[in-house]
Structure formats: C-alpha cells, structure tokens
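Trainee: I should like to examine how the structural terms are applied here. Please show me the model, and let us test each label against its definition.

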Amino acid sequence: MRYDLIVVGGGIAGAALAQTLATAGAKVLVLERETTFRDRVRGEQLHCWGAAEARLLGLHELLRTEVGYEVRLWSSRVAGIPAAAPRDLVETSSHRLPVLNFHHPEMQTVMLHAAEAAGAEVLRGPVVLGVTPGERPTVRARVPGGEEQDYEARLIVGADGRNSACRGWAGFEVRRDPERMIVAGALIHGFGAPADRISSIMDPAGGCLSFNAPLSDGRFRSYFAWFDAGNGDGRRRTAGPRSLEAFAESSIAAGAPSDWFASAELIGPLASFEGTDNWVPHPYRNGVALIGDAAASNDPSFGAGLSLALGDVRSLRDQLLANGDWEAAGHEYAAEHDRRYEAVHRITDWIRTLFLDPRPEAAAIRTRALPRIAADPSRRVDYVGLGPLAPSDDAARRRFFGED
Ligand SMILES: Cc1cc2nc3c(=O)[nH]c(=O)nc-3n(C[C@H](O)[C@H](O)[C@H](O)COP(=O)(O)OP(=O)(O)OC[C@H]3O[C@@H](n4cnc5c(N)ncnc54)[C@H](O)[C@@H]3O)c2cc1C
C-alpha cells in the first residue's frame with residue numbers, strides 16, 4: 001500500500017505530525033514498536049513557547065485537558081544571586097501561557113490515540129529495520145509474528161528519538177557536542193516541594209542543578225543534573241545515583257531543602273542520561289525528513305526537547321501543506337529547523353556556561369556577569385518564555401555575559 005507519509009516512531013513528534021497531517025486529509029501510517037508506553041524518564045514539561053507551538057497545532061487543549069498540569073510560577077534560585085520572587089509566566093511571557101507538564105507515557109498514549117482518531121493508520125508493535133531513501137522511499141519493518149514487510153510513501157519521516165537509526169539508514173551526518181552534563185531523573189510521590197511552581201536550583205560552583213516539576217495526581221518529576229566533562233577518553237567519571245537516598249543526597253547538596261525528601265517515595269525508574277547535544281544539520285534529504293530528537297536532541301538539563309519537537313511538527317506541516325513539491329517543502333523545513341535549533345543550542349550553551357560550568361574560565365565570566373544580572377534581571381535570556389525567539393545574537397550574548 002502507498003501512503004503520503006510514513007512516520008517511524010510514535011513519540012510526541014511522530015504522533016503530533018500524524019495527527020495534524022491526517023486531519024488535513026493526508027494518508028498517514030505510523031509505525032511504533034512499543035505496544036504499551038512505559039516510563040523511560042523523558043521530558044515532562046513543555047515550556048511556554050512549546051505550549052504556544054501546541055496551540056498552533058491545535059493540540060494544546062487536548063494535552064491540557066487529558067493529561068496536563070499547568071504551572072504558572074517559576075522559581076529559580078542560583079547560588080551567588082539574591083533570591084527573587086517566583087516569576088509569573090502568564091503575566092510575564094509573551095505568549096501569556098503557563099508551562100504545561102504531563103507524565104510522558106500518558107502523553108504518548110493520548111497523542112497516538114488522537115492521531116488514530118484523525119484518520120492516521122497507527123501500527124503498534126512493528127520494529128522498523130531500515131529506510132531506503134529515494135524518489136519512492138520505502139520502510140522495512142518486522143511486524144508482530146516475525147514477518148518482514150515493506151511500505152512505500154511520498155515522504156518518510158524519522159521520528160525515532162535520540163538514538164535514531166533512521167539517521168544512519170538515510171545517510172545523514174550526525175554531529176555531537178563534547179561531553180558535559182549528566183542528568184538523573186526520578187518520578188516521586190510524597191515530595192515536599194511546592195506544587196504550584198517549577199523549582200529550579202542551580203549551584204554554579206558545584207556544577208549541579210536540582211529541577212523539580214509537579215505533575216498531576218500529586219506526582220513530581222525531579223531531576224538532578226551535574227557537569228562532568230569526562231576524562232577526555234570518552235568515559236564519564238561518575239555514575240548516576242542508583243537509589244532515592246543517593247538522589248536525595250545529591251539534590252540536597254545542590255541546594256534542595258532536605259525536608260522535600262522526608263516523605264518522598266520513588267514510583268518509577270531512576271535513570272541517568274548524557275546531556276550532550278547531538279544533531280543532524282539540515283534534516284531533510286532524498287525523501288526522508290527527521291523531526292524531534294532524531295533531528296536534534298538538546299541537552300535535557302534545559303527541558304527544551306518537547307518544545308523543539310512540536311516546533312518541527314508545526315514547521316514541517318506548514319511546508320507540506322503549502323507546497324505541492326514535497327522535495328522543496330522538505331528543504332524549506334530543514335532550513336527552518338536549523339534556525340530554530342541553532343538558536344536554542346546557542347542559548348542553552350550560554351546558560352550552561354554561566355550557571356552550571358564549575359571550571360575556572362566560567363567562574364571568571366560569573367564574577368563579571370552575576371552581579372550585573374542581580375542588578376538587572378532583564379539581562380537573563382528568556383529561554384522558557386521565548387525559546388528560539390529570544391535574542392541570541394552577539395549583542396545578546398555580550399549582555400548576558402556582562403561584556404557590554
Ligand atoms: C532525562 C531527560 C529529561 C528530559 N526532560 C525534558 C523536559 O522536561 N522538557 C522537554 O521539553 N524535554 C525534555 N527531554 C527531552 C524530551 O524527552 C524529548 O525531546 C522528546 O521526548 C522527543 O520526542 P520524540 O518524539 O522526538 O522522541 P521519543 O519520545 O524518543 O519517541 C521516539 C519513538 O520512536 C519509537 N521507535 C524508535 N525506534 C523505532 C523503530 N526502529 N521502530 C519503531 N519505533 C521506533 C520509540 O519507541 C518511541 O516511541 C528530556 C529528555 C531526557 C532524556
């Protein structure tokens with residue numbers, strides 16, 4: 001059978017694209033290997049600009065009502081800067097939207113159902129084994145039962161996540177930053193942090209961060225992230241915490257109040273991940289487009305991945321619907337993707353340097369920049385509110401680092 005579009009992977013990126021293009025009348029097939037979504041310790045917070053992208057896709061209300069937990073206050077504490085009152089995101093962000101939190105497996109389930117309800121064919125269980133690019137690109141998958149099957153489409157979309165195999169099959173070049181952060185995440189019940197706000201606590205000299213996001217049903221996603229540039233031999237110095245006690249100890253050392261953990265109970269896996277960015281420049285070639293983490297996976301310490309994924313979906317949808325020539329539409333999408341991702345990459349690099357890099361060069365920048373930011377908080381870059389639309393040219397960099 002021939003489709004307009006075959007989407008490899010039914011995460012937020014693949015499911016959202018399938019939903020929005022099926023709604024517009026395209027014949028879409030989604031191939032998702034998991035039959036039930038489990039907690040992979042993945043993104044659970046959509047920044048204000050990502051919520052705005054969801055709104056442009058017509059998916060915000062669905063996410064909000066089915067799985068969402070909206071949070072309008074953002075409390076950010078940085079050792080070395082006097083604490084300020086929490087930011088009211090609705091009052092102070094240009095989109096006038098709070099952040100939208102959800103449990104990731106619940107979100108994936110709702111999004112794939114929405115794609116199916118819009119008319120996409122969604123197959124759960126097939127494992128994609130290969131993609132052959134070209135004028136009539138094809139996908140080979142092993143379907144439940146063990147048989148292998150080929151599917152053909154006008155366009156194949158790789159939405160298979162941060163370890164994407166589609167990238168290799170389609171011949172894309174993958175770039176990677178040097179090792180920097182490691183991020184450990186836990187799903188917790190009985191956590192003592194305030195449930196009406198995001199609580200972000202950074203210790204630049206210690207090179208670590210405690211980040212805490214309330215979810216529905218009294219749950220919290222808590223992260224502890226730390227700077228670890230490795231030994232230069234490709235191996236990390238430190239393994240992540242293996243127990244809630246070790247996770248709590250690290251988070252408390254980063255500045256989280258110890259009483260937050262007094263009645264905390266782990267209700268999901270505790271896992272650690274590399275925080276390195278990896279990305280594909282120009283993620284379209286020869287009948288294959290990449291979206292979401294497959295196109296670019298930003299350091300999860302900054303929680304921009306879901307928002308970037310929805311930005312990719314909105315941009316690819318708009319290009320495909322506006323242009324009958326899908327080869328040209330693919331290249332336009334890829335160029336837009338690069339502009340969006342490069343801005344987020346630049347901004348998150350600056351934030352890591354200023355707030356999380358314990359090395360002497362970064363400490364010297366802090367000595368100059370932090371007193372200026374404390375005196376004038378508008379020097380901070382609004383990556384939660386504006387994301388890639390926040391100014392990120394050289395003048396913005398100089399202002400952020402106090403070089404002006
Ligand atoms: C620890 C951590 C914390 C994070 N925190 C945040 C946060 O707070 N906010 C935020 O915005 N982002 C966060 N992120 C990033 C966010 O999780 C990702 O950007 C987002 O999930 C990417 O979605 P995706 O659809 O591109 O990929 P995925 O969610 O990985 O989906 C890919 C899908 O493809 C399927 N698949 C893969 N290979 C195959 C195959 N061969 N055949 C069939 N199916 C296949 C997988 O089963 C999966 O369902 C975090 C990431 C990590 C690791």
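Mentor: Arg87 forms a salt bridge with Asp382, the closest N and O atoms being 2.8 Å apart. This is a predicted model, in which local features need pLDDT of at least 70 and side-chain atom pairs pLDDT 80 or more, while totals for chains, interfaces and linings use all residues. Residues are numbered from 1 along each chain as its sequence is written, and side-chain values use heavy atoms, with hydrogens and water left out.

Trainee: Why is the contact of Arg87 with Asp382 called a salt bridge?

Mentor: The term requires a side-chain nitrogen of Lys or Arg within 4 Å of a carboxyl oxygen of Asp or Glu. The N and O atoms of Arg87 and Asp382 are 2.8 Å apart, so the pair meets the criterion.

Trainee: What makes this pair a tie between parts 295 residues apart in sequence?

Mentor: Arg87 lies in strand β6 (residues 87-88), whereas Asp382 lies in the loop between α10 (360-375) and α11 (394-400). Helices (H or I, at least four residues) and strands (E, at least two) are DSSP runs, numbered from the N terminus.

Trainee: Why does Arg87 count as partly exposed?

Mentor: Buried means under 20% relative accessible area and exposed over 50%, with partly exposed in between (1.4 Å probe, protein chains only). Arg87 has 25% relative accessibility, so the intermediate label applies. Arg2, at 37%, is partly exposed as well.

Trainee: Which residue does Arg2 meet in a salt bridge?

Mentor: Its partner is Glu152, at 2.9 Å from N to O. Arg2 is in strand β1 (residues 2-8) and Glu152 in strand β11 (residues 148-158), 150 residues apart. The structure holds 32 salt bridges.

Trainee: How do you know that β19 and β22 pair?

Mentor: Pairing requires at least two bridges found by DSSP between two strands. Two bridges join β19 (residues 278-279) to β22, so the requirement is met. The two strands run antiparallel, and Trp279 stands opposite Ala296 in β22.

Trainee: What makes the lining of the largest cavity free of charged residues?

Mentor: Asp, Glu, Lys and Arg count as charged; Ala, Val, Leu, Ile, Met, Phe, Trp, Tyr, Cys and Pro as nonpolar; and the others, Gly among them, as polar. The lining consists of Trp49, Ala304, Val344, Ile347, Thr348, Tyr383, Gly387 and Pro388. These residues divide into six nonpolar, two polar and no charged.

Conventions. On a 1 Å grid over the protein atoms alone, a cavity is a set of points where a 1.4 Å probe fits but cannot get out, and a pocket is an open set with protein on both sides within 12 Å along at least five of seven lines; lining residues have an atom within 4 Å of a point.
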